[in-house]
Amino acid sequence: MTENYNNIIKKIQAPTREQFESFYRLGKILNSSHFEDSVINEVLDLIIEVTGAERGLFVKAFDPESFSIIAARNIQKENITDLSEFSSGILKEVFSQGKPVLYHDAQQQPELSNFESIRIRGIKSIIGVPVFRDDKIWGVFIADSLKQREKFTDQNLIHLDLFSSLLSLTLDRIAEYDKLEKENTELQNRLEETEPLPEMIGESKVMKDFFRILRRVADTDATILITGESGTGKDLAARAVHTLSRRRENVFLAQFCGSIPDNLLESELFGYKRGAFTGANSDKKGLLEIADKGTFFLDEIADISMALQTKLLRVLENQEIMRLGDTGVKKIDVRIITATNKNLQEMVKDDTFRSDLYYRLNVFPVKIPPLRERKGDVPLLANYFAGKFSDGKARLTPGSIKKLESYSWPGNVRQLINIIQRAVILSGPGELKEDFIIFDEDENDELNFNGTLAEIEKQALIKRLKDFDGNKSLVAKSLGVSRKWVYLKLEDMEKQKG
């Protein structure tokens, strides 16, 4: 870094007032931006203005034959989309020489007039400056004009060379900033992982089938839609997919979409450019961009607005984002996993969710079974959480286990966690007796009508069995069914536990 500063100092001569003003403006640009492509766009606009050129181009250079276009602009500060008219020959010339080049009349230069784009477009004045990083050419600036411009001078060539040196320092700063920002986001995300969450534990058949499905899809990049009732652990399923995937060494980020104002959620997802809105005092990366090369989980996807649905569709279709207040798009490589406890198909029918987005999200649907369909896992989960909340000192009695197994669990695993934690607090170390297993009365007395008809039947049967102390004749009579129906339903429930 010190060597770069020394090189800059050597180049500095007494600047003209115009050059001094351009340096001042350059300094403001370099100090205010945290985005590589954003700062390059603004510097390119300034170079076009300083040289009086008609258009400019900046490329990232990998070798003399391989370039990647970062920005192309005209004098009106508009992006140029037709890049075929720029001369690759000039880029190669700057790269091979490794120093600034200036041509006052390219048409009269034998080594340049053969370049097709220069000949066809009648380009006369060309100025090119390499950008060095780590003593290697990292990129190349080109500005050209159809006329012989008076500002295409040797003095301005030195001027722009200094621009490129200062830009190089800024790009180093941005790279370091990006690295620190990503590390900070990952650290915050890991800290969130230490919060108590329902663990993905289960030995029942339905859970073993579910785990098998997760392992199969994890090794792909398919977009996953996780459905299931509240409290089933959809966030843990998403995290498990990431852990099992090829992206496991990269970042996993999650964003809850429910009850968040639309403009705030959009800025969190896509980021924004300085000045995009009141309070946007600096550039900010969105979570989708930070999750590049990793996995991004959108929880409660059904709650996002139609406008945000359109923008998310663009991410899924083209793997690109546009920050608020920006005009250029940025490519990303991120795996998207979404989750909801709502019926998106019904929302599509009601025109409250885009059908094209639904089909993009529903590439691989996964449904997490509710706890009432995996009653055989209740003792396993209950004992695990009892040990976790008591440092291994609390244990459930057979009566407590029986009471837990007879419950319908409308709040699923999340509710089980709360009840076990409450029991540990009340009992202290030792046995968690039945009296410490407390259900809220409204939860215990009411059926959960969010499930299917078969699930509601099971809930009703479990409750009546408890009401009549297991007397199947009285249960059958109270439900208006035969005893055989009761026995058949109980047999089905036992099979599901296995």
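Trainee: Is strand 13 of this predicted model largely enclosed or left open by the rest of the structure?

Mentor: Start with how many of its residues are buried: six of the six residues of strand 13 are. Arg335, Ile337 and Ala339 point one way from the strand, while Ile336, Thr338 and Thr340 point the other way, and all are buried. With six of six buried, strand 13 is therefore largely enclosed.

Trainee: Which sheet order includes strand 13?

Mentor: Look at its pairings. Strand 6 and strand 13 run parallel and are joined by four bridges, and strand 10 also pairs with strand 13 in the parallel sense, over five bridges. These strands belong to an open sheet of five strands with parallel pairing, in the order 7-10-13-6-14.

Trainee: Which are the edge strands of that sheet?

Mentor: An edge strand here pairs on one side only. From one strand to the next, the twist averages 20 degrees. The edge strands are strand 7 (252-256) and strand 14.

Trainee: Which residue of strand 13 stands opposite leucine 298?

Mentor: It helps to see the other pairs too. Threonine 227 stands opposite threonine 340, and aspartate 299 stands opposite alanine 339. For leucine 298, the residue opposite in strand 13 is threonine 338.

Trainee: What does helix 8 reach from its first C-alpha to its last?

Mentor: Helix 8 covers residues 205-218, which is 14 residues. At 1.5 Å a residue, a span of 20 Å is expected. The model comes close to that, and the helix reaches 20 Å.

Trainee: Why do the buried residues of helix 8 lie on the same side?

Mentor: In general, an α-helix has 3.6 residues a turn, so residues three or four places apart point the same way. In helix 8 the buried residues are Met207, Phe210, Phe211, Leu214, Val217 and Ala218. They are on the same side of helix 8 because they cover an arc of only 135 degrees around the axis.

Trainee: Which residues are exposed on the other side of helix 8?

Mentor: First, see what the buried side meets: the buried residues of helix 8 pack against strand 6 (224-227), helix 9 (234-244), strand 13 (335-340) and strand 14 (364-367). On the other side of helix 8, the exposed residues are Arg215 and Arg216.

Trainee: Which helix gives the most to the largest nonpolar core?

Mentor: That core has 32 residues, and those touching the most other members are Leu288, Phe296, Leu298, Ile301, Leu312, Leu344 and Phe353. Several elements supply at least two residues each, including helix 10 (262-270), strand 10 (295-299) and helix 12 (306-318). With five residues, the one that gives the most is helix 12.

Trainee: How many residues are in the other core?

Mentor: Leucine 312 gives a view inside the largest core: beyond residues up to four places away in sequence, it touches Phe270, Leu298, Ile301, Ile304 and Leu357. Apart from that core lies another, with Val39, Phe58, Ala71 and Ala143 among its members. The number of residues in this other core is 28.

Trainee: Is arginine 25 buried, exposed or partly exposed?

Mentor: Arginine 25 is found in helix 2 (residues 17-32). Setting aside residues up to four places away in sequence, arginine 25 touches Leu46 and Glu49. Leucine 46 is 21 residues away in sequence, with 8.3 Å from C-alpha to C-alpha. The relative accessible area of arginine 25 is 36%, so this residue is partly exposed.

Note on methods. Residues numbered from 1 in each chain as written. Predicted model: local features only at pLDDT ≥ 70, side-chain atom pairs only at ≥ 80, totals over all residues. Heavy atoms only, no water. Core = buried A, V, L, I, M, F, W, Y, C linked by side-chain atoms within 4.5 Å. Buried < 20%, exposed > 50% of the residue type's maximum accessible area, 1.4 Å probe, protein only. Contact = heavy atoms within 4.5 Å. Expected span 1.5 Å × (residues − 1). Arc of directions from axis to C-beta. Pairing = 2+ DSSP bridges. Axes fitted to C-alpha atoms, helices over the stretch in contact; angles between N-to-C directions.
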